[in-house]
Amino acid sequence: MIAKMFDLVQKYEKIETFLGPYNELWDGEILNEFPRIYGSPIEKWAKLYQELSCSEKAERLSNYSPLNDSDHQELLSQINELIKLPQSDIVDSSRIYKVNEKKSHEIHQILNFYKNKKITNLYDFAGGVGHTSEQLSKNLNICCHCLDIDKNLIETGIQRTQEVHFHHYEIHPNMKLSLELPADILALHCCGDLSQNLVDYFPSSNAKSLLNLGCCYHKIDNHSFCHQARYLATRSHGMTSEEDIKEREQFKTYRYSFGLLLNKFYDLSPATTLKSSLPELYQGNFIEYAEEQLKRLELSPLKSCLIEDFFNSNDTLQQVKRLINLGHVRAPFGRLIEIQLVLKRAIELKEKGFEVQVFELFDRAISPRNIAIYAQS
Ligand SMILES: C[S@@+](CC[C@H](N)C(=O)[O-])C[C@H]1O[C@@H](n2cnc3c(N)ncnc32)[C@H](O)[C@@H]1O
């Protein structure tokens, strides 16, 4: 059961108006914007984050709770209001054999969502090896088709179960696949533009309904939100533990210090793209990390003592802390960007005459990419 409907356009416009004045914050990664100094009160908030322990940061970021500051309280109270969406009931569920906790939760939620709907043929686009299709077919006694671009996944699916009809198929713009009617479309965690392709395809498919959840928004081509804002959306809304914060800050201390080093000694952008390092390098000595990255970038080596002095200098330490904590100020904007990206798709469907609902289908602590569009003819 979904709690209540809301006006999609009104919500979209409210978020757009709210986001406008903060665009310098969410529109670019903090390191990419270096040496930008942010306006008041953003720098003040970064300083307040700096005073918190990792567990306090984790609590605030997970729960969208404010800092001890009236401006931040006002900001978070607006964000909390704007990110509110109707929620599906979370069903108590036993773990489904052979799938992980996240997938198991998603399958139970989708089963619960479809259980009283009249479905004959369900088309599970980008369905991978067909775990979701299999359970829907078994539990709802319907005919499920699982379509995926990856031949290996399709082959594995065919070996695994006879409950599902598997098809090797590529979702693309302007697709014209004809479905066996009456049909319903499921498009779960269709990355980047795949969700948009299905939103565009649905009206011509003659399917009765489309249930779509997107993910990997940074893979979308050409959107009014820049890549970095969409990347923030892709990583948003998960629950964050003290350990996550410690790990992230350790990683960023090295990444940002190295960025500043590139800027100072090589006159390069601090955000110069690096090839990803082995996780162990972030746990070891900064000199080893920096020497490895310089080698990968084919830059002339620096003396170890120079690297060490730069890393330990007060200027670097302070600057890196400031940048990391500006990232914490920026984080809550990710969910708003995600909601805008989803609402845009939902509004397009509504404008084409479909009845459209937008709601949270999954528990965010288990599966944070949980915003569903359900469109019916
Ligand atoms: C994030 S997974 C989602 C899988 C499944 N729906 C789920 O939620 O567990 C994305 C899937 O999309 C498939 N895929 C990627 N590009 C595709 C395309 N153009 N057409 C069809 N499937 C595609 C991948 O092979 C992968 O199985």
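**Entry 1: domains**

I began with the domain assignment, which gives domain 1 as 37–84 + 238–330 and domain 2 as 101–234 + 334–376. I note here that the model is predicted. I then looked up the spacing: the C-alpha centres of domain 1 and domain 2 lie 35 Å apart. How many residues of domain 1 are in contact with domain 2? I found six, and they meet six residues of domain 2. I sorted the domain 1 side of this contact by class and got four nonpolar, one polar and one charged residues.

**Entry 2: overall dimensions**

I checked the extent of the C-alpha trace next. Along its principal axes the trace spans about 70 × 45 × 40 Å. The radius of gyration of the protein is 23 Å. I compared this with the value for a compact globule of 377 residues, near 21 Å, and the two agree. For secondary structure I noted 17 helices and seven strands.

**Entry 3: the sheet**

In what order do the seven strands lie? I read β3-β2-β1-β4-β5-β7-β6, an open sheet with mixed pairing. The edge strands are β3 (164–168) and β6 (355–360), and each of them pairs on one side only. From one strand to the next, the twist averages 15°. A reminder to myself: strands of a sheet pair through backbone hydrogen bonds, in either the parallel or the antiparallel sense.

I went through some of the pairs.

- β1 and β4 run parallel and are joined by four bridges. Here Tyr123 stands opposite Ile185 of β4.
- β4 and β5 are also joined in the parallel sense, over seven bridges. I found Cys191 opposite Cys215 in β5.
- β6 and β7 (residues 371–376) pair in the antiparallel sense, with six bridges. Gln357 has Tyr374 in β7 as its bridge partner.

**Entry 4: a helix across the sheet**

Which strands does α10 lie across? I listed β1 (121–125), β4 (183–191), β5 (209–215) and β7. Helix α10 itself covers residues 193–205 and runs at about 165° to β4. The loop between α10 and β5 holds Asn206. I looked at the backbone of Asn206 and found a positive phi of about 65°, although this residue is not a glycine.

**Entry 5: around the ligand**

I turned to the ligand and counted its shell at 14 residues. The closest are Ala126, Gly128, Ile149, Ile171 and His189. Which strand or helix gives the most to this shell? I found that β4 does, with three residues. I also split the shell by class, into eight nonpolar, three polar and three charged residues.

**Entry 6: cis peptide bonds**

I looked up two peptide bonds that come before a proline.

- Ser40 and Pro41 are joined by a cis peptide bond, with omega about 5°. I placed Pro41 in the loop between α3 (30–33) and α4 (42–50).
- The bond from Leu181 to Pro182 is cis, and its omega is near 0°. Pro182 is in the loop between β3 and β4.

**Entry 7: back to β4**

I kept returning to β4, and I close on it. β4 pairs in parallel with β1 and with β5. Helix α10 lies across β4. In the shell around the ligand, β4 gives the most residues. The loop between β3 and β4 carries Pro182, whose bond from Leu181 is cis.

Conventions:
Residues are numbered from 1 along each chain as its sequence is written. This is a predicted model: local features need pLDDT of at least 70, side-chain atom pairs count only at pLDDT 80 or more; totals for chains, interfaces and linings use all residues. Two strands pair if DSSP finds at least two bridges between them. Helices (H or I, at least four residues) and strands (E, at least two) are DSSP runs, numbered from the N terminus. Axes are lines fitted to C-alpha atoms, for helices over the stretch in contact, and angles run from 0 to 180 degrees between N-to-C directions. Two residues are in contact if their C-beta atoms, placed from the backbone, lie within 7 Å. A residue is near a molecule or strand if its C-beta atom, placed from the backbone, lies within 6 Å of it. Ala, Val, Leu, Ile, Met, Phe, Trp, Tyr, Cys and Pro count as nonpolar, Asp, Glu, Lys and Arg as charged, and the others, Gly among them, as polar. Domain bounds come from an automatic or database domain assignment. The radius of gyration is taken over C-alpha atoms; the globule rule is 2.2 Å times the number of residues to the power 0.38.
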